[in-house]
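Student: Could you take me through a close look at a single part of this model, and then connect that part to a few other local features?

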Amino acid sequence: ILEKNFQNQKQDYEKEIELLKGEIKILKEEKTQLQQQIQQEIIIQDGLKVEVGQLTKQAQKIPELQKEIELLQTQKLDVEKQAHSQKRELREKMSEVTKQLLESYDFEDVRSRLSTEDLEHLNEDGELWFAYEGLKKATRVLESHFQSQKEIYEKEIEGLNFKVEHLSQDINHLQKLFREENDINDGIRLEVSRLTSENLVIPDLKQQVAELENQKLDLENRLQEQTVKLKGNGPTMMSNRLHYELERDRTQRRTTEAQNEVDIKEKESLKDTMQGIEGLSNGLMQDEVQGELQSKIKQVTTRLAVENMDLEEKLDMKDRIIKKLEDQIKTLTKTIEKSEAHVPAAPKEYIGMMEYKKEDEERIIQNLILDLKPRGVVVNMIPGLPAHILFMCVRYADYLNDADMLKSFMSVTIDGIKQVVKEHSEDFEMLSFWLSNTYYFLNCLKQYSGEEEFMKHNTPRQNKNCLKHFDLSEYRQILSDLAIQIYHQFIVVMENNIQHMIVPGMLEYESLQGISGLKPTGFRKRSSSIDDTDTYTMTSILQQLSYFYSTMCQNGLDSELLKQAVKQLFFLIGAVTLNSLFLRKDMCSCRKGMQIRCNISYLEEWLKDKNLQSSNAKETLEPLSQAAWLLQVKKITDDDAKEICEHCTSLSTVQQIVKILNSYTPIDDFEKRVTPSFVRKVQAMLNNREDVPQLMLDTKHLFQVTFPFTPSPHALELIQVPSSFKLGFLTRV
C-alpha cells in the first residue's frame, strides 16, 4: 500500500514538475517579449535622438519648430506612459510568479500526513526528497533571475526618465527662444504702429506750412504797401528790418520743409527695414543680431521722435514770429497814421481777453465746441486751447461787469459741451478731447477765481488776470458734475471696446506655445473657444491699451486722470478674467495658471513702459495673480493648506478659494486632483476670515474719480486763436 501511495505521489509530483517546466517556458517567452520591447524602446529612443538632432538643425524654421515641439511632447508622454505600464505589468507578473512558487506547496500538510516511519523510509529512498530539493533550487534560480531582470528594467526605466527630462529641457529652451522671438515681433509691430500714427501728423504739418506761406505772402504784400506809404528814415529802417525777418523766415521755412521731406523718406526706409525684419523673424535669429537690430531700431525711432519734436517746436516758433510780425505791422501802421496826424503812438498791450458780442455766442459755441474736430486741434497747440479761449471770453464779460452776458455765456457753453458729448457718446476721441477741455476750463475758473488757495500757485502777472466782479463757484460745481458724467461715459466706451478681447486674450490664447497645448478630457467644445476668436490675443489687448494711452496723451488729458482711467481698465481686465475662471473648469489647471501669470507680466511691463507704476493699476490685478498662483502651487499637505491661506489674501471671499480648488482639473497624469479632505482643511482654516459671501466680482464697479487742481502755466496774454477755429469775429484784447 505504501509503495502504491508513493508511486501515486511520485506521479503527482512529476505532473507538477511538468507544469512548472511549462510555466518556466512561458516565463522565458515573456522574457523574450520583454527583451523585444526593450529593443523597441531603444529604437524609439534612437528615433527621439534623431528627431532632437533634426530640431536643432531646423531651429531657424519657426512654423516647423512648433509642430516638432508638439510631436516631441506627444512622444514623451507615450514613452512615459509605456514605461509606467511596463513597470506596473512587470511588478504584477513578478508578484504573481513568486506567490505561485511560494504557495504551490503546503509542506507542513504533507509532513503531517506522513508518519515518522514513512519519512525515514522516504529519506532512505531519497527520490521524493531529491525532487523537493530540485524544486527549491529551481525556485531560487527563478527568484534570482527575476530579481536581476527587475534591477535591469529599473535601471533602463531610470535612463529613459533621464532622457525624457533632457528632452523636456530642450523643449523648454526652444519654447523660450520662440517666446523671445514673439516678443521682438510684437515690439516691432508696436513701433511700426507708433511711427505710422506719427506719419499721420505730417499732412497736417504740410497744411499748416501752406497756411503759413499764404500768411507770409499776405504779410509781404502788406509790407510792400506800407513801405510805399512810409516816410522818413525811422519807418524805412523798420520796414527793411521786417522785410529781412520775413526773408529769414522764408529760408528757415524751406529748411524745415526739407527736413520734413527727409524725415518722411527716413520713415519710409524704416518701414521697409521693419518689413524686412518681420520677414527675417520667421527664422530664429541669433541673440547678437537681435540686440543690434533692436538698438538700431530704438536709435532711429528716438532720433525721428526728437526731430519731429524739433520740427513742431520750429513751426510753433514760426507761428509766433508771424503773429509777432503781424502785430508789429499793425503797430507800425498805427504809428505812421498817428505820426501823420501828429499824434504820439502808444504800444498796445494785451490783457488776456476775447472781445465778443452777445449775438455771437451761438457762433462761438458752434465753431469752438460743436464743429471742432480733435485731430485738427492737437497738433502744435497748447493743451486745452478751446477751454482757455472760452475762459478769455468769460473774463471779457466779467470785465464789462455784465451779469446777464456772463450768465448767458456760461449757460450756452455748458449746454454746448453737453450736446457734443451726447451726439458723440460712443466716440472715444471726442469724449477724451472734451473731458480734457472741461477739466482745463474748470481749472481756469479755479485758478483765476481770486481765492487765496488757488492764487498761491500763480505768477504775479496771472494774479492780475483774476476775475474782478463775479463769483463763479456755482458754475464750478456744475462743471465738476459734468466732468464726472463725461468721465463715466468715457470709461464705458473704453470698456466696451476692450471687454470682448479679455477672455480670448487672457485665458484662451496660448502665448506659451507647447506648455498649454494639451486640453483636458471630458469637456465639450465651447462656442467661445479660441477657434472662434483666434483674432484676439494678448497683443490685441496691449495694442488697444496703447491706442487709448496715445489718444489721451494727444488730447492733453491730465496725467492724474489718465492714471485713474488706466486703473479702471486694469480692474476690468482682472475682474472679467477671474469671473470667467470661476465659471470654466477647463481653465483651472496648473499650466493655465502659468499662462495667466505670463499675461499679467505683459500688462505690468506695459505699465512700466508708459511710466504708470504709480497709478495703482497693478494692485487691481492682485486677485487674478493670486488665483494663478493657487493653480500652480502644490495642494497636498497641511503646510500647503497653511501657505494657501497666508498667501491668498486678495481673493475677497473664502468661497472664491474653495471654488478654484474644487474646479481644479488636471490635464495629464503628472497633475493630481485636489482631494476633498484638502479642500475641507483649507475651508476650516479660512473660517476665521471675515468675508462677504460673494463669488463673482462686480465688473461694473467704478472707482471714485477725483479732479486734482493743476494750474495752467500758459499766460492768457500770449494765447492766440488759430485760423482753423474760424473765430475771426473775436477780437483779442
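**A close look at selected local features**

Tutor: In this predicted model, Asn-401 counts as partly exposed, because its relative accessibility is 45%. Asn-401 lies in the loop between helix 10 (385-400) and helix 11 (403-423), and although Asn-401 is not a glycine, its phi is positive, at about 60 degrees. Most residues other than glycine have a negative phi. Lys-726, likewise not a glycine, has a positive phi of about 60 degrees; Lys-726 is located in the loop between helix 23 (676-685) and strand 2 (731-732), and with a relative accessible area of 62%, over the 50% cut-off, Lys-726 is exposed.

Turning from loops to helix packing, helix 12 (residues 428-447) and helix 15 (residues 473-508) pack with their axes 9 Å apart and at an angle of about 160 degrees. Since that angle is over 145 degrees, helix 12 is roughly antiparallel to helix 15, and the crossing of these two helices is left-handed. On the side of helix 12, the residues that make the contact include Phe-428, Leu-431, Trp-434, Leu-435, Phe-441 and Leu-442, while those contributed by helix 15 include Leu-479, Ala-483, Ile-486, Tyr-487, Phe-490, Val-493 and Met-494. Sorted by class, the contact of helix 12 with helix 15 has 14 nonpolar, four polar and two charged residues; among the residues in this contact are also Lys-446 of helix 12 and Arg-476 of helix 15.

Met-494 leads on to another position, since Leu-569 touches Met-494 as well as Glu-495, Ile-498, Leu-545 and Phe-548, when residues up to four places away in sequence are not counted. Leu-569 belongs to helix 17 (residues 559-583) and is buried, with a relative accessible area of 2%. The C-alpha atom of Leu-569 is separated by 8.2 Å from that of Ala-617, a residue 48 residues apart from Leu-569 along the chain.

Helix 23, which precedes the loop that holds Lys-726, offers a further view of burial. The buried residues of helix 23 are Phe-678, Val-679 and Val-682; seen down the axis of helix 23, these buried residues fall within an arc of 100 degrees, so they line one face of the helix. That buried set packs against helix 21 (638-647) and helix 22 (654-663), whereas the face of helix 23 turned away from the buried side carries the exposed residues Pro-676 and Arg-680.

Conventions:
Residues numbered from 1 in each chain as written. Predicted model: local features only at pLDDT ≥ 70, side-chain atom pairs only at ≥ 80, totals over all residues. Heavy atoms only, no water. Axes fitted to C-alpha atoms, helices over the stretch in contact; angles between N-to-C directions. Helix = DSSP H or I, 4+ residues; strand = E, 2+ residues; numbered from the N terminus. Parallel < 35°, antiparallel > 145°, perpendicular 65-115°, else oblique. Left-handed = near helix turned anticlockwise from the far one by under 90°. Contact = heavy atoms within 4.5 Å. Nonpolar A, V, L, I, M, F, W, Y, C, P; charged D, E, K, R; others polar. Buried < 20%, exposed > 50% of the residue type's maximum accessible area, 1.4 Å probe, protein only. Arc of directions from axis to C-beta.
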